[in-house]
Structure formats: C-alpha cells, structure tokens
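Biologist: I have a new chain to learn from today, and I would love some company. Could we look at it together, one question at a time?

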Amino acid sequence: MKKIIIILVLILSISCSKKEEIKSVFIAGKKEYWVHHDYCYNTGGNCFRFNENGSCDRFVRSNAEFRIANSDGDLKNDAGTWSLKNDSTFVWDKGIFKIEKLTKNEILLSYYHYELKGIKCFVRLAKWVQTPQGPKPVDVLDNVK
C-alpha cells in the first residue's frame, strides 16, 4: 500500500511539473508578445500577452511598437483570461483549445468550429519581440544570430 501511495505522489508531482513548464511557455516576457492567426477565419494580427496571474492583454502592432488595446476607441474590452485545464488543454476566455504544438517561439492550438460541426480549426501564436528597430518575429531574430 505504501508503494502505491508513493507512486501516486510521484505521478502527481510529474503532472504538476509538466503543467508549470507548459504555463511558462505561454507567459511572455516584458517585451514579448504572441501574434495570433486563426486559419478557419483567416484572421490575424492581434497580439496578446498572457500574464502569470491568468489575465491576458490585447495589443496592436505598428511599425514602431506594440500598444495595449484592451480599450481602443469605441472598443471596450477588459483584459481576457486564460488557464491550463491540463497539459493538453488551453482555456482562453470562453474558448477551449487543444495544444497541438508548443515551442518557445510558436504555439499551435486547435478547436472544433462551433457552427460547422466536425471542422477542426487551427490557431497559430507566433512570438514577437519589441526591438529598438520595432516589432520583430523571434524566428527572424534567431536566424540573424
């Protein structure tokens, strides 16, 4: 019985550790942002920062900088929310996404279309950073080094 309890504790600690590791990928640094592209709706360009406290801020990217856009003119949005349900499920506001791919520079999420039943959609989040020359995708910067 003692061995079973030890095994269960070990499994739980590994699971929690994996979840924290995944969470750390989503949380962007001070000058880092995730640029969003939804392939079902062919929309993109909105930028987000997932914060450690479970909130999410929306930003607009210009040639010079990222500007917070939670409240932008007549558009009034509170900061969004996000969480990890487990090591493969990402909850973003009211949406539930499966984590398909996760690297430090790219996150690929999927969901099933709510109107067109059975259609699997993909959302790509690509990491960008604020540089002295303006916003740049991280993968471009990695190729320059």
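Biologist: What percentage of the residues of the protein chain count as buried?

Modeller: Happy to help, and please keep in mind that this is a predicted model. A residue is called buried when its relative accessible area is under 20%. Of the 145 residues of the protein chain, the share that counts as buried is 35%.

Biologist: Which pattern does the protein chain follow along the sequence?

Modeller: Let's begin with the inventory: the protein chain has two helices and 12 strands. Reading along the sequence then gives the order α-β-β-β-β-β-β-β-β-β-β-β-β-α.

Biologist: Let's pick one strand. How many residues of strand β3 are buried?

Modeller: Strand β3 covers residues 55–61. It is mostly covered, and of its seven residues the number buried is five.

Biologist: Which residue of β3 stands opposite Arg-49?

Modeller: Start with strand β2, residues 43–50, which pairs with β3 in the antiparallel sense over four bridges. The two strands form a hairpin with four residues between them, and Gly-54 in the turn has a positive phi of about 90°. Across this pairing, the residue opposite Arg-49 is Asp-57.

Biologist: And which residue of β4 stands opposite Arg-61?

Modeller: Strand β4 spans residues 66–68 and runs antiparallel to β3, with three bridges joining them. Here too there is a hairpin, with four residues between β3 and β4. The residue in β4 that stands opposite Arg-61 is Phe-66.

Biologist: Which residue of β7 stands opposite Cys-56?

Modeller: Strand β7, residues 80–86, pairs with β3 in the antiparallel sense over two bridges. In β7, the residue opposite Cys-56 is Gly-80.

Biologist: Now for the inside. How many residues does the largest nonpolar core have?

Modeller: Among the residues with the most contacts inside this core are Phe-50, Phe-90 and Trp-92. The elements that give two or more residues to this core include α1 (2–26), β2 and β11 (120–131). Apart from it lies another core, of seven residues, among them Tyr-33 and Trp-128. As for the largest nonpolar core, its number of residues is 20.

Biologist: Which residue of strand β7 does Phe-50 touch?

Modeller: Not counting residues up to four places away in sequence, the partners of Phe-50 include Phe-26, Trp-34, Cys-56 and Leu-125. Strand β7 runs over residues 80–86, and the partner of Phe-50 with a number in that range is Trp-82.

Biologist: Is Asp-38 buried or exposed?

Modeller: Asp-38 sits in strand β1, residues 32–38. Leaving aside its neighbours within four places in sequence, Asp-38 is in contact with Thr-43, Tyr-111, Phe-122 and Val-123. Its relative accessible area is 7%. That is under 20%, so Asp-38 counts as buried.

Biologist: What distance separates the backbone oxygen of Gly-134 from a polar atom of the side chain of Thr-131?

Modeller: Thr-131 has its place in strand β11 and counts as buried, at 12% relative accessibility. From a polar atom of its side chain to the backbone oxygen of Gly-134, the distance is 2.5 Å.

Biologist: Why can charged side chains pair, and with which residue does Lys-127 form a salt bridge?

Modeller: Side chains of opposite charge can pair when their charged atoms come close. For Lys-127, the closest N and O atoms of the salt bridge are 3.5 Å apart. The pair links distant parts of the chain, with Lys-127 in strand β11 and its partner in strand β1, 95 residues apart. That partner is Glu-32.

Biologist: Of Lys-127 and Glu-32, which is buried and which is partly exposed?

Modeller: Lys-127 has a relative accessible area of 9%, which is why it counts as buried. Glu-32 stands at 25% relative accessibility, and the residue that counts as partly exposed is therefore Glu-32.

Biologist: One last puzzle: which residue joins Lys-101 and Glu-106 in one network?

Modeller: A search of the whole structure finds four salt bridges. In one of them the side chains of Lys-101 and Glu-106 meet, at 2.7 Å from N to O. Salt bridges that share partners make one network of Lys-101, Glu-106 and a further residue, Arg-124.

Note on methods:
Residues are numbered from 1 along each chain as its sequence is written. This is a predicted model: local features need pLDDT of at least 70, side-chain atom pairs count only at pLDDT 80 or more; totals for chains, interfaces and linings use all residues. Side-chain values use heavy atoms; hydrogens and water are left out. Buried means under 20% relative accessible area, exposed over 50%, partly exposed in between (1.4 Å probe, protein chains only). Two strands pair if DSSP finds at least two bridges between them. A nonpolar core is a set of buried Ala, Val, Leu, Ile, Met, Phe, Trp, Tyr and Cys residues joined through side-chain atoms within 4.5 Å. Contact means heavy atoms within 4.5 Å. A polar contact is a pair of N or O atoms within 3.5 Å; within protein, one must be able to donate a hydrogen and the other to accept it, and residues adjacent in sequence count only if both atoms are side-chain atoms.
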